[in-house]
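Here are two short exercises to work through with the model open beside you. Try each task before reading its solution.

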There are 2 protein chains.
Amino acid sequence: MNRHQKEKADEASGQGRPTLKTLAFMTGLGVTTVSRALKDAPEIGAETRRRVQLVAKQIGYRPNRAGVRLRTGKTNVISLVLNTEHEIMSFVSDIIYGVSEVIADTPYHLIVTPYSRSQDPLDPIRYLVETGSADGVIISRTQPNDPRARYMLERGIPFATHGRTDMGLIHPYHDFDNYAFAAEAVRHLAGLGRRRLALLAPPVELTYHGHTLAGFADALSEVGASEIPFNTVSIDHSIEQIRMRTAQLMRRENRPDGFISSAAAATLAIVAGIEDAGLKLGRDVDVVSKQSSELLHLFRSELLVVNENFRLAGAELARSVLGWIGGAAPGSLQSLSVPGEVQAYRRPAST
Amino acid sequence: MNRHQKEKADEASGQGRPTLKTLAFMTGLGVTTVSRALKDAPEIGAETRRRVQLVAKQIGYRPNRAGVRLRTGKTNVISLVLNTEHEIMSFVSDIIYGVSEVIADTPYHLIVTPYSRSQDPLDPIRYLVETGSADGVIISRTQPNDPRARYMLERGIPFATHGRTDMGLIHPYHDFDNYAFAAEAVRHLAGLGRRRLALLAPPVELTYHGHTLAGFADALSEVGASEIPFNTVSIDHSIEQIRMRTAQLMRRENRPDGFISSAAAATLAIVAGIEDAGLKLGRDVDVVSKQSSELLHLFRSELLVVNENFRLAGAELARSVLGWIGGAAPGSLQSLSVPGEVQAYRRPAST
DNA sequence: GTGACAATCTGTAACGTTTCAGTATATAGC
DNA sequence: GCTATATACTGAAACGTTACAGATTGTCAC
């Protein structure tokens, strides 16, 4: 051992976290060789590779994220961009878990980047891109002409959207088929003899507002039912507002006998409004609602529900982003979740 | 301009993100000077400092996180560690927003580190500490003797717990006063003439199980009411199980005439169970429940609620961790949230 | 034995930052 | 005029990683 190697040994044997230098010392190789051996580079001998990998595993070597990031620009970070005012509660929780599930055995970390009402939704995206803080981004509340998607496409940063855009541009997305949801809901209500239907839709600016309306309208004419306009509120409005508007609507002459609601929390408000007007669910009016946790049937057993699985969405979105980062074609990373049937309440087996 | 400076110029004027080198070139100073000027070091002339900071602001300089992290070990990351099975849904969403709110104008990022049923809760903590992935950690589901808190105290990494420990060790926490909640709930039920009370408590292993039980027991003897044991389930159990057990309990001879529930979702199950048994809320039995969003009154107007604000908890926890990182005494970073009064439903102003 | 070539390994530099150990200049003391 | 000291600045080194451009072998053809 020459003086040079001796110095290395002194440094590398320190009790801190093992680095490539530590491994290099332990194996008697150079750091370059170790680095390449760990990533299965072709010019490393088979035995050396195995030896290095064994030692690395033994001492629990983990590459230093800052080192990698500084050298390569790779952050190993996926950012989930969320609106702190309008996201559905269970959406946040479930989508995070879905994403987590997928990135669990990758080196990726999940960072949550929030933005609030007062901010341009583009702000957090700009920040992420300009500072190179993430390798991939997931956004929700997607719009038909979405500046965020456009911006990220221009900058070439991989992303996936929850919901589709409509700009003639190709990018990964995961979406729930809200057209099918609304259409199925209409058909189901028609099957129950309901003829005058009201829709509590998503806010107009979001893409799935359009999808939902289209499904609603198409099925209405298909079954020959009519629409009772209810577009002074959306699922983004407060519980109190929806409740009030619903009660107003239900007190009118030509009130609806069926409701379709795009979100569970809003459905609670609709039901409250219906009851405020002195009417009874299941008798005077039926309500079909989307929900993401199985809670609405506990609320009122007369409710009719369609489930949307946000955890699945999170997983799917994460897979898409990782796929794009990994070089897959963005067009091949799009998925649509087909709604199940409208479900009525089934009393559980009693004890 | 000598040859050396010329080279710098060539490199620094590149259109990439500005670095210290860019600033050094633009101001004609050395990188060291620029670095110090930006952090208000004392040995920099006042005018130089202002000049550097002005230029930095003008060109939108932002320190490279990887560079800082590699050199100093500072990650500028707070990690929120979550159980993917048992966290309350709104907890995840609200606490994230609370934390976000506080770290919004700091350089900190929030990463979410999940762990699942199958894992030792210590695993994610070990990972964070061993890889130096965060400057501070927030954990929930705190236990009286919490190995995670003990571990982080040993390793000297700043953290805050949602809920207290009981190990004689001092660390930042934020907690809701569940003793007061349970006691107030008992008193309120007693005031309604309820005498035989059942408690749906948090899981035994968590610290606030003890707090809740103590408040319950103390107030029971204070008002002279009695307990109907209901400890075969906790709020961690499934909706179905709670519902079934509640129904069983309510069909017994000596059934409770009052319930106290530590979580909103569980309350839905309790009410369902009560109604399964053919009994009526408000007539046969009253239920006081904690909730974190204002939804229970929509569910059944007879429900009595106490609000727990998770967003506030998130903000408080973030402040605590940042405070500890900033050098404050951990003992000074503890807070307890006092529950408001038990609230009955107030019909909203009609239109 | 020589040259060519493949196989395998290595040192150096660079990513952007901060720290250490200076250097240069001005001011003051005497 | 000299040293001492404070002020304001600077270059080099280091954090851990990867890419580039070699360096050292051994093998084979002829």
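**Exercise 1: two packed helices**

H2(A) and H3(A) are roughly perpendicular to each other (65 to 115 degrees). The model is predicted, with pLDDT of at least 70 needed for local features and 80 or more for side-chain atom pairs, while totals for chains, interfaces and linings use all residues. Residues count from 1 along each chain as written, chains are lettered from A and ligands numbered from 1 in written order, and side-chain values use heavy atoms without hydrogens or water.

Task: describe how helix H2 (residues 20-27) and helix H3 (residues 31-38) of chain A pack.

Solution.
1. Take the geometry: the angle is about 100°, and the axes lie 8 Å apart.
2. List the contact (heavy atoms within 4.5 Å): H2(A) brings Leu20(A), Lys21(A), Leu23(A), Ala24(A) and Thr27(A), and H3(A) brings Val31(A), Val34(A), Ser35(A) and Leu38(A).
3. Sort these residues by class: six are nonpolar, two polar and one charged.

**Exercise 2: the cavities**

Task: find how many cavities of 30 Å³ or more there are, and what lines the largest cavity.

Solution.
1. A cavity is a set of points on a 1 Å grid over the protein atoms alone where a 1.4 Å probe fits but cannot get out, and lining residues have an atom within 4 Å of a point.
2. The count is two cavities.
3. The largest cavity has a volume of about 170 Å³. Among its 16 lining residues, Arg69(A), Val77(A), Arg65(B), Arg69(B) and Val77(B) are the closest to its centre.
4. The second largest cavity has a volume of about 40 Å³. Strand S5 (residues 173-176) of chain B gives the largest share of that lining, three residues.

Key:
Axes are lines fitted to C-alpha atoms, for helices over the stretch in contact, and angles run from 0 to 180 degrees between N-to-C directions. Helices (H or I, at least four residues) and strands (E, at least two) are DSSP runs, numbered from the N terminus. Angles under 35 degrees count as roughly parallel, over 145 as roughly antiparallel, 65 to 115 as roughly perpendicular and the rest as oblique. Ala, Val, Leu, Ile, Met, Phe, Trp, Tyr, Cys and Pro count as nonpolar, Asp, Glu, Lys and Arg as charged, and the others, Gly among them, as polar. On a 1 Å grid over the protein atoms alone, a cavity is a set of points where a 1.4 Å probe fits but cannot get out, and a pocket is an open set with protein on both sides within 12 Å along at least five of seven lines; lining residues have an atom within 4 Å of a point. Grid points are joined across faces, edges and corners, and a volume is the space filled by probe spheres set on the points.
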